[in-house]
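This report goes through one protein model part by part. The sequence and the structure come first, and the notes follow.

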Protein chains: 2
Amino acid sequence: MAALTRTLIIASEDGNEYARLVRAARLPGLRLEVARGVRDLRARLPAAQILLADPARVAGALERGRALEWVQSTWAGVERLVEPCRRLRIPLTGVRGVFGPLISEYVMAYILAIERHLFETRADQARRAWRQRPYRSLAGLEIGVMGLGSIGRHVARTAAWFGMRVRGLSYSGRRVRGVERVYPRGRAAEFLRGLDYLVAALPMTAETESIFGARFFARLGRRAVFINVGRGGQVVEEELARALRRGRLRGAVLDVFRREPLPRASPLWSAPGLFLTPHNAAASFPRSVAPIFIENYRRFVAGKPLLHEVDLERGY
Amino acid sequence: MAALTRTLIIASEDGNEYARLVRAARLPGLRLEVARGVRDLRARLPAAQILLADPARVAGALERGRALEWVQSTWAGVERLVEPCRRLRIPLTGVRGVFGPLISEYVMAYILAIERHLFETRADQARRAWRQRPYRSLAGLEIGVMGLGSIGRHVARTAAWFGMRVRGLSYSGRRVRGVERVYPRGRAAEFLRGLDYLVAALPMTAETESIFGARFFARLGRRAVFINVGRGGQVVEEELARALRRGRLRGAVLDVFRREPLPRASPLWSAPGLFLTPHNAAASFPRSVAPIFIENYRRFVAGKPLLHEVDLERGY
């Protein structure tokens with residue numbers, strides 16, 4: 001029996017590096033093409049069985065993938081691929097276990113920078129001022145993690161390493177290792193009370209759209225810093241800017257925005273106590289993601305269940 | 001038999017808080033006095049049996065403590081008390097296990113700020129620039145820790161949590177949990193090769209005086225950042241400033257200096273890639289240190305060995 005050959009299209013900012021890494025694995029029966037730009041992608045898609053892609057690059061063209069049998073995302077946030085894959089009735093696989101350490105670095109970088117006054121100390125140095133600013137140890141500070149997927153759990157365990165008191169909020173409220181207490185969704189008010197830091201690491205779904213608004217920030221309270229590493233569409237940005245201006249929150253750290261790049265007119269750029277970063281808290285390093293594709297390809301060919309398959313009904 | 005009463009003098013910037021915490025422990029047979037300033041200390045010292053003190057506050061007056069039986073330091077760095085206690089032939093106890101977590105926070109704050117470009121990103125935000133700066137994950141970066149006392153070991157384990165590859169250098173070269181490889185002093189050149197970060201957490205002794213000079217920085221190499229949380233007298237400051245100006249080191253983070261406050265004329269303030277902090281990487285929080293004094297007092301009264309006793313010959 002002649003071996004079947006499948007066509008893989010790679011559509012990623014890091015297309016060449018993915019091609020190099022996948023080629024190096026010498027996967028049997030795989031023909032590999034790198035799509036250059038949207039038109040090239042649209043031309044190639046109808047003949048492809050497999051797609052390895054940055055979601056934002058392919059979301060608009062996916063309907064043309066009539067022969068597609070499987071899509072592997074290079075990112076954690078797959079919401080733009082869920083609907084097309086559902087319509088095409090093909091599996092969509094994500095990336096898990098890779099972004100947790102990177103998001104933990106990001107979260108701890110900002111918590112430590114805030115608590116240890118790094119920006120103020122840098123300004124002191126610039127004017128040759130020797131000024132000891134009082135600070136708190138992280139040990140004993142209260143941190144809440146919303147969303148206890150692989151990213152949220154890694155952040156929780158990292159915070160616990162520094163002696164922070166960690167609580168979690170999840171759909172189920174099920175216990176999670178490294179989290180002192182997990183609250184179910186219905187008890188959000190209790191979960192939010194008395195937090196020093198709130199880290200939101202939620203997938204984008206109909207239920208999480210715009211959940212961080214004025215009412216949420218009022219519950220969170222003025223000693224808390226709000227950190228969002230989930231999705232920009234979850235935040236009502238004007239209401240966050242207003243809460244910060246009125247001193248109703250201690251601060252905020254945002255990596256994701258409703259529109260990216262963030263428009264120059266956004267009130268977020270200059271909101272007091274707000275630190276913003278250009279959606280790069282967790283870079284998708286091909287050397288971390290390619291092994292997931294390679295393992296999944298082997299499973300796909302063998303007819304075994306794929307790793308990190310997205311529940312297309314639930315949306316993550 | 002009438003219980004013996006001993007006089008404790010507290011000489012600390014946080015004298016009142018120490019007095020409150022020690023009083024709350026209701027230690028038997030203890031009369032407590034708080035010294036206000038140097039003259040008051042000198043007047044009270046001759047009648048005291050026990051001293052709980054910030055080293056810098058009492059070093060010059062300690063000779064007057066003719067009745068002293070024991071000195072408890074509130075800080076990790078005790079070098080200024082070693083000689084007087086040796087002459088008085090009384091035990092000196094330090095603080096261990098308290099500063100490790102604080103120094104780890106400090107070290108990770110700066111490593112993360114450097115790797116994640118926090119200062120540059122803050123400047124981008126100020127001019128409303130959306131700019132994604134490439135970065136590395138901490139996982140796989142090479143960090144070396146010089147001095148594997150309780151502080152160095154905590155830093156090593158924290159770096160390991162972030163996936164950094166950790167090596168150590170110590171007097172003995174003995175294996176330490178959480179450190180991939182420990183080099184003995186004689187193999188410093190090999191220890192230094194290829195490091196991304198070097199954290200120095202050494203006590204001040206005759207042997208560590210001025211050990212960080214031009215030759216050391218040349219060995220460390222241009223991809224490395226030098227972080228000193230030990231003592232300022234260990235660094236030849238002009239040579240460090242020169243190595244940075246000439247691009248022979250990637251950067252430096254200094255919390256301690258030969259003269260403190262650092263003189264305004266020091267070349268360190270404006271050395272490229274240098275981050276300096278005013279000797280507060282690990283604040284001595286009375287609520288952390290007081291329990292050590294309280295436990296040691298109970299041991300002292302019972303004639304048991306004291307915790308964290310300094311070897312007065314070795315100097316730490």
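Which residue follows α4(A), and what is the sign of its phi? The residue is Arg89(A), and its phi is positive, near 55 degrees. The model is a predicted one, and the sections below start from this helix.

## Helix α4 of chain A

Helix α4 of chain A covers residues 79-88, and its buried residues are Leu81(A), Val82(A), Pro84(A) and Cys85(A). An α-helix has 3.6 residues a turn, so residues three or four places apart point the same way. In chain A, the partners against which the buried residues of α4(A) pack are α3 (55-58), β4 (70-73) and β5 (92-93).

## Nonpolar core

The largest nonpolar core holds 127 residues. Within this core, Phe293(A) and Phe293(B) touch the most other members.

With neighbours within four places in sequence left aside, the contacts of Phe293(A) include Leu8(A), Val22(A), Leu27(A) and Leu30(A). Also in contact with Phe293(A) are Ile50(A), Leu52(A), Trp70(A) and Gln72(A).

## Relation of the two chains

A turn of 180 degrees, with a shift of 0.0 Å along the axis, lays chain B on chain A with an RMSD of 0.1 Å. This is the relation of a two-fold axis. The same surface serves both copies, since 98% of the contact residues of chain B recur in chain A.

Which residue of chain B comes closest to the rotation axis? That residue is Ala109(B), whose C-alpha lies at 3.0 Å from the axis.

## Interface

Chain B contributes 53 residues to the contact and chain A contributes 52 residues. The size of an interface is often given as the accessible area lost when the parts come together. Here chain B and chain A bury about 4,600 Å² between them, with 60% of it on carbon and sulfur atoms.

Two salt bridges are found across the interface of chain B and chain A. One salt bridge joins the side chains of Arg116(A) and Glu105(B), at 3.1 Å from N to O. The interface also has 39 residue pairs in polar contact, counting pairs with both residues at pLDDT 80 or more. On the side of chain B that touches chain A, at least two residues each come from α5 (99-115), α6 (118-126), α7 (150-161) and β12 (274-276) of chain B. The largest share of that side, eight residues, is supplied by α5(B).

## Two residues of chain B

His279(B) lies in the loop between β12 and α11 (286-302) of chain B. Is His279(B) buried, exposed or partly exposed? His279(B) is partly exposed because its relative accessible area is 30%, which falls between the limits of 20% and 50%. Leaving aside neighbours within four places in sequence, His279(B) is in contact with Trp130(A) and Gln132(A), as well as Arg231(B), Asp255(B), Val256(B) and Glu260(B). Pro261(B) is 18 residues from His279(B) in sequence, and the C-alpha atoms of the two are 8.6 Å apart.

Asn228(B) sits in strand β10 (residues 225-228) of chain B. Asn228(B) counts as buried because its relative accessibility is 0%. Its side chain reaches the backbone oxygen of Arg231(B) at 3.2 Å. Not counting residues up to four places away in sequence, Asn228(B) touches Ala200(B), Phe212(B), Gln234(B), Val235(B), Val253(B), Leu254(B), Asp255(B) and Val256(B). Asp255(B) and Val256(B) are thus among the contacts of Asn228(B) and of His279(B).

Key. Residues are numbered from 1 along each chain as its sequence is written. Chains are lettered from A and ligands numbered from 1 in the order in which they are written. This is a predicted model: local features need pLDDT of at least 70, side-chain atom pairs count only at pLDDT 80 or more; totals for chains, interfaces and linings use all residues. Side-chain values use heavy atoms; hydrogens and water are left out. Copies are superposed by least squares on the C-alpha atoms of residues with pLDDT of at least 70 in both. Contact means heavy atoms within 4.5 Å. A nonpolar core is a set of buried Ala, Val, Leu, Ile, Met, Phe, Trp, Tyr and Cys residues joined through side-chain atoms within 4.5 Å. Buried means under 20% relative accessible area, exposed over 50%, partly exposed in between (1.4 Å probe, protein chains only). Helices (H or I, at least four residues) and strands (E, at least two) are DSSP runs, numbered from the N terminus. Buried area is the accessible area (1.4 Å probe) that two parts lose on being put together, summed over both. A salt bridge is a side-chain nitrogen of Lys or Arg within 4 Å of a carboxyl oxygen of Asp or Glu. A polar contact is a pair of N or O atoms within 3.5 Å; within protein, one must be able to donate a hydrogen and the other to accept it, and residues adjacent in sequence count only if both atoms are side-chain atoms.
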